[in-house]
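Visitor: I'd like a quick tour of this one, mostly sheets and core. Can you show it to me and let me ask as we go?

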Amino acid sequence: MDLSFCTCRRTLLMLLVIIALASSALMAQGWPSCYRKIIVGGNSHWKFGFNYSNWALQTGPFHVGDTLVFYYKPDHVGNLTIEHNVYLFKHHKDFQNCNFSTAIEVGDPSKGKRGFKFVLRKPRPYYFGCAARAGLHCTLGMMKFGVRPACGGSKLLDTVRTDL
Ligand SMILES: [Cu+2]
């Protein structure tokens, strides 16, 4: 009698531990059903001359766990082929100035055809830009934007203002 009560209690305790672990794992990642898959630029995709800072402001707030999808393909201007890419800036100032010297290429020109996916894994600012034509796509072409995903699909932070 005593023994069965003991076993039962232990099972119950283990069950509680499992439930606690599972729910904390979910909390840490946010609720999966809330994740969004966001096509950068919407129907305009990732191209020269579209205002991505405005797009980001209108599309946010973004959340940790959201996936950005960049669609792009080479542009043909006369007999010139101009490819796009996706770089991640390390510093806000470099992002502002379209200085790609320390930026990292995350999406090379070939990745855009199927849609280059970038998951916003952390609640920190992310600054994107196209480095094509020595930064001209970033400066003149407005191919840059910043997002700051909020934790766990809740309130808090909004899109980073990139037009400042
Ligand atoms: Cu470009």
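Visitor: What is the strand order in the open sheet of three strands?

Guide: First, the ground rules: this is a predicted model, where local features need pLDDT of at least 70, side-chain atom pairs count only at pLDDT 80 or more, and totals for chains, interfaces and linings use all residues. Residues are numbered from 1 along each chain as its sequence is written. Strands are DSSP runs (E, at least two residues; helices are H or I, at least four), numbered from the N terminus, and two strands pair if DSSP finds at least two bridges between them. The pairing in this open sheet is mixed, and the order is β1-β2-β7.

Visitor: Which strands are at its edges, and by how many degrees are neighbouring strands turned?

Guide: The edge strands pair on one side only: they are β1 (37-39) and β7 (116-119). Axes are lines fitted to C-alpha atoms, with angles from 0 to 180 degrees between N-to-C directions. Ignoring direction, neighbours here are turned on average by 25°.

Visitor: Which residue in β7 does Thr67 stand opposite?

Guide: Strand β2 covers residues 67-70 and pairs with β7 in the antiparallel sense, over four bridges. Across from Thr67, in β7, stands Val119.

Visitor: Which strands stand at the edges of the four-stranded sheet, and why is one side of each left without a neighbour?

Guide: That open sheet is antiparallel, in the order β6-β5-β8-β9. Each edge strand has a single partner, so one side has no neighbour in the sheet; the two are β6 (104-107) and β9.

Visitor: Which residue in β9 does Tyr126 stand opposite?

Guide: β8 (residues 126-129) and β9 run antiparallel, joined by four bridges. Over in β9 (residues 144-147), Lys144 and Gly146 point one way, Phe145 and Val147 the other, and all are buried (20 or more other C-beta atoms within 10 Å of their own, with C-beta atoms placed from the backbone). The residue facing Tyr126 is Val147.

Visitor: Which residues have the most contacts inside the largest nonpolar core?

Guide: A nonpolar core is a set of buried Ala, Val, Leu, Ile, Met, Phe, Trp, Tyr and Cys residues joined through C-beta atoms within 7 Å. This one has 30 residues, and elements giving two or more include α2 (52-59), β2 and β5 (86-89). The top three are Phe70, Tyr87 and Ala131.

Visitor: And which residues is Phe70 in contact with, beyond its neighbours within four places in sequence?

Guide: Contact here is C-beta atoms, placed from the backbone, within 7 Å. One partner, Val86, stands opposite Gly107 in β6. The full list is Val40, Trp46, Val86, Gly107, Gly112, Gly115 and Phe116.

Methods: A residue is buried if 20 or more other C-beta atoms lie within 10 Å of its own, exposed if 12 or fewer, and partly exposed in between; C-beta atoms are placed from the backbone. Two residues are in contact if their C-beta atoms, placed from the backbone, lie within 7 Å.
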